[in-house]
Amino acid sequence: MSQSALPAEFADLEPFAGWALPTERERYAKRLASSMDDLQAFYDAVFPRLEDAVAYLDGFELDALPDDATRLLHVFCALTTVSFPVEVWRQPRVPDSGAASFDSTYEPTP
Amino acid sequence: MAHFSKPAEGSWTEHYGIGTGPVSYEDSISPAHYELERDAIFRRTWLNVGRVEQLPRTGSYLTKELDAARTSVVVVRDADGGLRAFHNMCRHRGNKLVWNDFPGEEVAGVCRQFTCKYHGWRYALDGELTFVQQESEFFDLDKSAYGLVPVRVEVWEGFIFVNLDDTDSTPLREYLGDLGAGIEGYPFHKMTQVHRYRAEVGANWKLFIDAFAEFYHAPVLHAKQSVAEESRKLQGFGYEALAYRIDGPHGMVSSWGGMSPPKDLNMVKPIEQKLRSGLFGPWDAPDIGLGPNELPPGINPARHPAWGTDSFLFFPNFMILIWKPNWYLTYHYWPTAYNTHIFEGTVYFVPPRNAFERLQQELAVVTFKEFALQDGNTLEATQTMLESRAVTEFPLNDQEVLLRHLHVTARNYVADHQNGSKEPVDVPVRLAR
């Protein structure tokens, strides 16, 4: 795909467009499948753009986002998913969580 | 030294008269006891199976697997706009009526009628048998006698409950008692932005309720989730509730929660500072038409200014957690064996008005998940050690009064069922040991 996934204003985040996953279950699975270096790189690139993204997304109705804006929103949903590993755990998994699972079965769109 | 006042008796536990001695958890590790609970509790009490928003129009339906009660039910909105519930079972040869692909998985949707996959028998939304394949092959079949078997269904504050006990005529509202009445009028219907989670937990259903019915564990088990300085402060302070209430089989704990927003931004993580949200919900409460002092009287019953959240346990397995920043959570614990159950955690927000609010809510939800994963795993460890029976008696403190009451109540339901009692269960009573 040669077209960009995210709005042009966020071309710098294009390398992280793979995080634009529409469900929490997918975002969490990607977190578990990533190294801490990957999570740190994603966090470091995306976190500073949070305010810009919110301002950009505020230009649309939440239930009528263009596709690229929806993907941008999901990138920032993924930022919340990786915030605990990066800011607190220093590992992708929740400490002491063993084989426990906690799976999303219903969530809002977008 | 107590930071918050206690009843005149000196403790919540003595106030509610449920004993202060060590307790046995045999009720959580005995397969035989669980078999008794299935009939004594799960076939005899009002069980919450969903909310009215899940069944918005005629033909909207959902199924609920009630393994503990040995059945599956289907709840549907009928042609008159009312709700009906039925055992999810075809009257011909007993096939499960409503399911897709996997018979054990719950489903929801919209239909004009129910059609059995096996031989094509059809039922109207009111349960009436309307079509029999090759009807003339049967012998004097009176279709009017073969409707779906109804289950009692009632709605309270938008929450749909079923009751499998045909002999019990206690209406739902009466069953929910003073604690239910005390939160009537809370605008649950405005909080329609839903995130639902599900976990299979390797612990008895009551043990997991125990974990959510006390906050004594919070400063310790979840210590790493706060920044270091805040964590030390929380552990030094310990935990005390603002108030406990017990009414019949139900109970509640009212808790402080000064983190929404925190007094000092340095107490919370960078993403929380940026999004103004966290475990206690988005810091900016949406307008729900009620100010903090206008909430129904059962919420923040002590009317304490430091109030943060109330947790209501409606026996046997339904919890509602109402949070100060105008959102709520529900927990359900559906037993599947004496040492396993399915836990459902559902988060309800006022729908976000913009992307920032959507992200605030997402952060609250994923933070809830981090905590739930720790809690679930801890309880599997508890279950296996309890089953060793190396220790059989456990001291419970006053901040664990709701656990003590839950186990007393559950054991009383079993005892009364075994005695064939038709009288309502009289709780609280002395702890049976």
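In the predicted model, strand E1 of chain A, which spans residues 103-106, pairs in the antiparallel sense with strand E11 of chain B, residues 193-201, and this pairing runs over three bridges. Within E11(B), Arg196(B) is the bridge partner of Tyr106(A).

This strand pairing joins two chains that also meet through other elements: 29 residues of chain A are in contact with 29 residues of chain B. On the side of chain A that touches chain B, at least two residues each are supplied by helix H3 (50-57), helix H4 (67-89) and strand E1 (103-106), and among the contributors H4(A) gives the most, with nine residues. By residue class, this side of chain A comprises 15 nonpolar, eight polar and six charged residues.

Turning to the interior, the largest nonpolar core has 141 residues, and the residues with the most contacts inside this core are Val75(A), Val75(B), Val162(B), Phe208(B), Leu313(B) and Tyr328(B). Helix H8 of chain B, residues 355-388, gives the most to the core, with 12 residues. Both domain 1 (12-42 + 175-418) and domain 2 (47-164) of chain B are represented in this core, each by at least three residues.

Leu313(B), one of the residues with the most contacts inside the core, illustrates the surroundings of such a position: when residues up to four places away in sequence are not counted, Leu313(B) touches Ile209(B), Ala213(B), His250(B), Gly251(B), Met252(B), Met319(B), Leu402(B) and Leu406(B).

Note on methods: Residues are numbered from 1 along each chain as its sequence is written. Chains are lettered from A and ligands numbered from 1 in the order in which they are written. This is a predicted model: local features need pLDDT of at least 70, side-chain atom pairs count only at pLDDT 80 or more; totals for chains, interfaces and linings use all residues. Two residues are in contact if their C-beta atoms, placed from the backbone, lie within 7 Å. Helices (H or I, at least four residues) and strands (E, at least two) are DSSP runs, numbered from the N terminus. Ala, Val, Leu, Ile, Met, Phe, Trp, Tyr, Cys and Pro count as nonpolar, Asp, Glu, Lys and Arg as charged, and the others, Gly among them, as polar. Two strands pair if DSSP finds at least two bridges between them. A nonpolar core is a set of buried Ala, Val, Leu, Ile, Met, Phe, Trp, Tyr and Cys residues joined through C-beta atoms within 7 Å. A residue is buried if 20 or more other C-beta atoms lie within 10 Å of its own, exposed if 12 or fewer, and partly exposed in between; C-beta atoms are placed from the backbone. Domain bounds come from an automatic or database domain assignment.
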